[in-house]
Amino acid sequence: MIAFPFDAPPAHGEAVTVAPGVLWMRLPLPMALDHVNVYALDEGDGWTLVDTGFDTPASRDAWGALLAGPLGGGPIRRVIGTHHHPDHIGLAGWFMARDEAELLISRTAWLMARMLVLDRQDVPAPETLTFWRRAGMPEDLLARRAGQKPFNFADVVHPLPLGFTRLAEGQDIGFGGRRWRIAMGHGHAPCHATFWSLDDDLVIGGDQLLPSISPNLGVYATEPQADPVGEWLDSCTQMAGLARPGHLVLPGHKLPFTGLPTRLEQLIDNHHTALERLAAALRDGPRTAVGCFDILFRRRIGESEFNLALVEAMAHMNHLRHRGLARVAGYRNGAVLWGA
């Protein structure tokens, strides 16, 4: 059974103590999912931070209040990045410059973040436009997006200096007065680090272990044949072997929760159910990936969330193809038609 020991999130500039020496804080995000959780662990002579939020004026303002308030002006000794996404790594470089903080992150996540910060684009790359067209993006939307500046990591991620400490699968690490074992998840982000306390029931889950939403599993033009859904299901199965009902999970979004075995079951079952719906729809006739939005999400997808829906639809199509349950059945105006 899933339970939420804390009824409400911390307010702006405030923190909630979730365990001895562990503070839960929340930063704003300028999107539908309007927040990210970050955590500070007391090191006696300073703090270890887990994740940092975007590098935006709103985030810096929030950190100013937190550093002066709950963190008592203490220095940031280290920053741990659970994964490379900008809402988690955006201010890591800022803390490294400000406090000479050490950055701990998986090698893959560091390489991804640094590469994406350096990859500035004024308009979408030709490969991206081809990928969108093949997925079935409507021509009018495709034409508009072709002339618009795409999202750039550099817009919300502080430059990352050279030098980091590598986190790896199965590694034991000490911070916040505890020993932790690292388990890497995949699917939402490559080499996403989760931390399982060996001294109490804490688990730092990032976006790999969320209580009431499922993280985006996306395929992009950079690796159009990838199978993040398969990687995600494998990771959930692996972590189910570590999970205990009494674990208090500190997630990247929403509220800390207990009942992790039940939640992992739900995450696995929800994706299998969506895949079954999709496979059944393809047996009724071929569809583009975008043409499967109604089957996969069962709600209207607006323009602001269209790209996230597109990459997730492609991820589920790829997984069905890898399992031999879907194939390319033809093309229509440059879009791939998927059949059973």
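# Briefing: cores, helices and charged residues

At 29% relative accessibility, K254 counts as partly exposed, and this residue sits in the loop between β12 (248-251) and α8. The model described here is a predicted one. Two separate nonpolar cores, one of 51 residues and a second of 35 residues, give a starting point for reading the structure, and the charged residues are then taken up in turn.

**The nonpolar cores**

- The largest nonpolar core has 51 residues, and those with the most contacts inside it are L209, L260, L264, F293, L310 and M314.
- At least two residues of this core come from each of the helices α5 (126-135), α6 (139-146), α7 (228-240), α8, α9 (293-297) and α10 (306-322), and likewise from the strand β14 (335-339).
- Helix α8 gives the most to this core, with ten residues.
- Apart from residues up to four places away in sequence, L260 touches W196, L209, A243, R244, H247 and V249.
- A second core, separate from the one just described, has 35 residues, among them L29, F54, W63 and L160.
- As a general background to such cores, nonpolar side chains in soluble globular proteins tend to be buried together.

**Helix α10**

- Helix α10 has 17 residues and reaches 24 Å from its first C-alpha to its last, which is close to the 24 Å expected at 1.5 Å a residue.
- Because 13 of the 17 residues of α10 are buried, this helix is largely enclosed by the rest of the structure.
- After α10 comes G324, a residue whose phi is positive, near 80°.

**Buried arginines without a salt bridge**

- R263 is found in helix α8, which runs over residues 260-283.
- Although R263 is buried, it has no salt bridge, and D269, the nearest side chain of opposite charge, is 9.7 Å away.
- The side chain of R263 does take part in a polar contact of 2.9 Å with the side chain of Q266.
- When neighbours within four places in sequence are left aside, R263 is in contact with I2, L210, P211, S212, I213, S214, F257 and N270.
- R145, which has its place in helix α6, is likewise buried and without a salt bridge, its nearest side chain of opposite charge being E303 at 4.1 Å.
- That separation does not count as a salt bridge, because the rule asks for a side-chain nitrogen of Lys or Arg within 4 Å of a carboxyl oxygen of Asp or Glu.
- Not counting residues up to four places away in sequence, R145 touches P124, W132, M137, E303, F306 and N307.

**Salt bridges**

- In total the structure has twelve salt bridges, and three of them are described here.
- E303 and R144 meet through their side chains in a salt bridge of 2.8 Å, taken from N to O.
- Since E303 lies in the loop between α9 and α10 while R144 lies in helix α6, this pair ties together parts that are 159 residues apart in sequence.
- Both partners of this pair are partly exposed, with a relative accessibility of 42% for E303 and of 36% for R144.
- In a salt bridge between D155 and K149, the side chains meet at 3.7 Å, N to O.
- D155 counts as partly exposed at 40% relative accessibility, whereas K149 is exposed, with a relative accessible area of 51%.
- E305 and R299 also meet in a salt bridge through their side chains, here at 3.2 Å, N to O.
- E305 is partly exposed, with a relative accessible area of 27%, and R299 also counts as partly exposed, at 48% relative accessibility.

**Positive phi outside glycine**

- E100, a residue other than glycine, has a positive phi near 55°, and its place is in the loop between α3 (92-99) and β6 (102-106).
- The relative accessible area of E100 is 72%, so this residue counts as exposed.
- K254, the loop residue met at the start of this briefing, also has a positive phi although it is not a glycine, the value being about 70°.

Note on methods:
Residues numbered from 1 in each chain as written. Heavy atoms only, no water. Helix = DSSP H or I, 4+ residues; strand = E, 2+ residues; numbered from the N terminus. Buried < 20%, exposed > 50% of the residue type's maximum accessible area, 1.4 Å probe, protein only. Lys, Arg positive; Asp, Glu negative; His and termini not counted. Polar contact = N/O pair within 3.5 Å; in protein donor to acceptor, adjacent residues only side chain to side chain. Contact = heavy atoms within 4.5 Å. Core = buried A, V, L, I, M, F, W, Y, C linked by side-chain atoms within 4.5 Å. Expected span 1.5 Å × (residues − 1).
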